[in-house]
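Open the structure in your viewer and keep the selection tool at hand. The stops below say what to select and what is there.

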Amino acid sequence: MGTPERMGAAAARRAALAAQGLDAPPRPGSPNRGGLTRLVRHLGLLQLDSVNVAVRAHYAPVFARLGSYDRDVLDALAWPQTAADRRRRAFVEFWAHEASLVPVEDWPLLRWRMRDNTARTSRWLGNAMDHRPDILDAVHDAVAAHGPLEAREVEAVLGDGGERRARAHGGWWHRSDVKVACEHLFATGVLTTGTRRGFRRAYAVSEDVIPPEVFARHPDRAESMRALTLRAAAAHGVATEPDLRDHYRLPPAESRVAVTELVDAGELEEVEVAGWGAPAYRLPGTRVPRRVTGRALLAPFDPLIWFRPRTERMFDFTYRIGIYTPAEQRTHGYYVFPFLLDGQLVGRVDLKTDRAAGVLRVPAAFAEPECAERGAGESRVAAELAGALRDMADWLGVGDVVVEGGPLAPALSRALVHPATQPA
């Protein structure tokens, strides 16, 4: 093996942004079903989260990359309600980074995790059903006969729902035995999400949801590790082994082996990135644009920033999610979106969609202290952020943006009121 090629930190950042589809403004026009499918296949997954403060976690990364789109189209690709949509399902749920939507064809690559869950050797499951194995068959049979079913509907089918709810599991957020059984069967691959109703999961037998030719695939563990590592590399552009590992939360020892094997096979190449302090890897032919333009609001669960050590290393940007932090310890707010402008993180904004009032609220807005050094003064950050917030408000179907606080609030409010005076 020769000496790894050297790469500047700025070039590595541009490669990462290009791999994430964030190196240029979105193309005009609403993306169609094919465009949404191609994006998620390239990213590898969309993380799911129950929090719905500004917009649900899986919707925001698509908006950041493709601009305004119809969320119903994404829903139909992931949680079809009609027979026609079921035939065109593109995504399915499983534990990937965390709870995630993954391309249907990638579901078999996660069978190793399902096997780990079955063996109770995974953090995703633990021993939640060890004391009630009898209920698993009953839940499976009910879903097979009547699904897709929500957990409460399974309880109704089985009867005795009140008694089951009374025997709740304190360790699983006081969920009923039926809910725990449904989640156990989901984690072991027996059930999957047939659809969602009001974001409530309705379970279906996996074999009835996954296409037969996909369901029949049983890649071995090492093959799966290599395939998932390559998918992570495509989504990262340039990445350290821990960066790649984090994408699908692979076991550390197996991730390191997979990277070594892929380098030996010529499917990954090692590079030395200035200032990173660890070996980095990329796919041969990884694109490195000479310039990155455009703006994007990045949700807390956006794949560009979800691995915090990588975010700090690439952007010199320290970020923590406020929803997991006690209120008195929050530095920027509850649900904070970093603001990407021309390849740099130059600000952050706490956002809340007030659906009753029909406005997008900004409890706090901030420009990074170093934004001038990053090629954007405060006035330009405010002007571009104002445009991004108006775009988001339009996409969410609310009529106005209301700025409430934060050091950038005066400049941002002016930019929202007088968009014609925004600097180019």
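**A tour by selection**

Select Leu340 first: its bridge partner in S12 is Leu345. This is a predicted model. Now show the two strands in full, S11 (residues 336–341) and S12 (residues 344–354), which pair in the antiparallel sense over six bridges.

Widen the selection to the sheet around them. It is open and has five strands in the order S10-S11-S12-S13-S14, with mixed pairing. At the edges stand S10 (295–297) and S14 (400–403); each has a single partner strand, so one side of each is left without a neighbour in the sheet. From one strand to the next, the twist averages 30 degrees.

Add helix H17, residues 378–396. H17 lies across S10, S11, S12, S13 (359–367) and S14, and runs at about 60 degrees to S10.

Next, go to strand S4, residues 99–103. Is S4 mostly covered or mostly open? Five of its five residues are buried. S3 (residues 91–95) pairs with S4 in the antiparallel sense over five bridges, and the two form a hairpin with three residues between them. Pick Val92 to find its bridge partner in S4, Val102. S4 also pairs with S2 (residues 46–47), again antiparallel, over two bridges; here Leu46 stands opposite Leu101 of S4.

Last, select helix H8, residues 151–158, and colour its buried residues: Ala151, Val154 and Glu155. Looking down the axis of H8, these fall within an arc of 105 degrees, so they line one face of the helix. An α-helix has 3.6 residues a turn, so residues three or four places apart point the same way. Just after H8, stop at Gly159, which takes a positive phi of about 80 degrees.

Conventions
Residues are numbered from 1 along each chain as its sequence is written. This is a predicted model: local features need pLDDT of at least 70, side-chain atom pairs count only at pLDDT 80 or more; totals for chains, interfaces and linings use all residues. Side-chain values use heavy atoms; hydrogens and water are left out. Buried means under 20% relative accessible area, exposed over 50%, partly exposed in between (1.4 Å probe, protein chains only). Helices (H or I, at least four residues) and strands (E, at least two) are DSSP runs, numbered from the N terminus. The arc is that of the directions from the helix axis to the C-beta atoms. Two strands pair if DSSP finds at least two bridges between them. Axes are lines fitted to C-alpha atoms, for helices over the stretch in contact, and angles run from 0 to 180 degrees between N-to-C directions. Contact means heavy atoms within 4.5 Å.
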